[in-house]
Amino acid sequence: MGQASKRLAHLFEKWWQGDRLAGSLDAINPGRLDLPHWLAHVSANHAYVLQAHTVKWKLAPAVETVWADPLLLEMAIANLLENACKYSAPHSVVHIETHARPGQVGIAVVDQGVGIAPQDQEAVFDAFFRVAPESALMGMGL
């Protein structure tokens, strides 16, 4: 029951944050983040999602701090973590990685899941699109 309550609260938070972002770019509150520490905190906050998987870290040494809105970035990372776990076999590995490029930082969540069919890949960025809406797996899409 605790897990279900956390999930419901998280879904509401995702909906609220998405609505906030759609309203105005003024709603973005960027700040300086210690990325390795912040990612560890986010993964700990979402341990209930990751509990059936092994998490492996590959953090680029050059990536230490970023300028981002921590709530919105957590919303994006949480969505990736949830999908990685939801669509991968239990006890499979989920990788959390950072990458550095000149002037850019990348964060990747890499899983061993089934992937997204080519015909659905563009649509996954449409609001609330789900590859299989009739699926028993819960979710709201992006």
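**Exercise 1. Which residues does P70 touch, not counting residues up to four places away in sequence?**

Before solving, a word on the model. This is a predicted model, in which local features need pLDDT of at least 70, side-chain atom pairs count only at pLDDT 80 or more, and totals for chains, interfaces and linings use all residues. Residues are numbered from 1 along each chain as its sequence is written, and side-chain values use heavy atoms, with hydrogens and water left out.

*Solution.*
- Step 1: Find P70 in helix α4, residues 70–86. Helices (H or I, at least four residues) and strands (E, at least two) are DSSP runs, numbered from the N terminus.
- Step 2: Look for contacts, meaning heavy atoms within 4.5 Å. With residues up to four places away in sequence set aside, P70 touches N29, L33 and W38.
- Step 3: Check N29 along the chain and in space. P70 and N29 are 41 residues apart in sequence, and their C-alpha atoms are 7.9 Å apart.

**Exercise 2. Classify P70, D69 and H91 as buried, partly exposed or exposed.**

*Solution.*
- Step 1: Set the cut-offs. Buried means under 20% relative accessible area, exposed over 50%, and partly exposed in between (1.4 Å probe, protein chains only).
- Step 2: P70 has 28% relative accessibility, so P70 counts as partly exposed.
- Step 3: D69 lies in the loop between β3 (65–68) and α4. Its relative accessible area is 7%, so D69 is buried. Its C-alpha atom is 8.7 Å from that of L33, and the two residues are 36 apart in sequence.
- Step 4: H91 sits in the loop between α4 and β4 (93–101). At 65% relative accessibility, H91 is exposed. H91 also has a positive phi of about 70 degrees, although it is not a glycine.

**Exercise 3. Describe how helix α2 packs against α4.**

*Solution.*
- Step 1: Take the geometry. Helix α2 (residues 35–45) packs on α4 at an angle of about 55 degrees, and the axes are 11 Å apart. Axes are lines fitted to C-alpha atoms, for helices over the stretch in contact, and angles run from 0 to 180 degrees between N-to-C directions.
- Step 2: Name the arrangement. That angle makes α2 oblique to α4. Angles under 35 degrees count as roughly parallel, over 145 as roughly antiparallel, 65 to 115 as roughly perpendicular and the rest as oblique.
- Step 3: Give the hand. The crossing of α2 past α4 is right-handed, meaning that the near helix is turned clockwise from the far one by less than a right angle.
- Step 4: List the partners. From α2 come W38, V42 and N45, which meet P70, L73, E74 and I77 of α4. These contact residues divide into five nonpolar, one polar and one charged. Here Ala, Val, Leu, Ile, Met, Phe, Trp, Tyr, Cys and Pro count as nonpolar, Asp, Glu, Lys and Arg as charged, and the others, Gly among them, as polar.

**Exercise 4. Locate G113 and name what it touches.**

*Solution.*
- Step 1: G113 belongs to the segment after β5 (104–110).
- Step 2: Leaving out residues up to four places away in sequence, G113 touches Y87 and S88.
- Step 3: Its C-alpha atom is 8.9 Å from that of N83, a residue 30 positions away along the chain.

**Exercise 5. Summarise the protein chain as a whole.**

*Solution.*
- Step 1: Count the elements: four helices and five strands.
- Step 2: Put them in sequence order: α-β-α-α-β-β-α-β-β.
- Step 3: Add the burial: of the 142 residues, 32% are buried.
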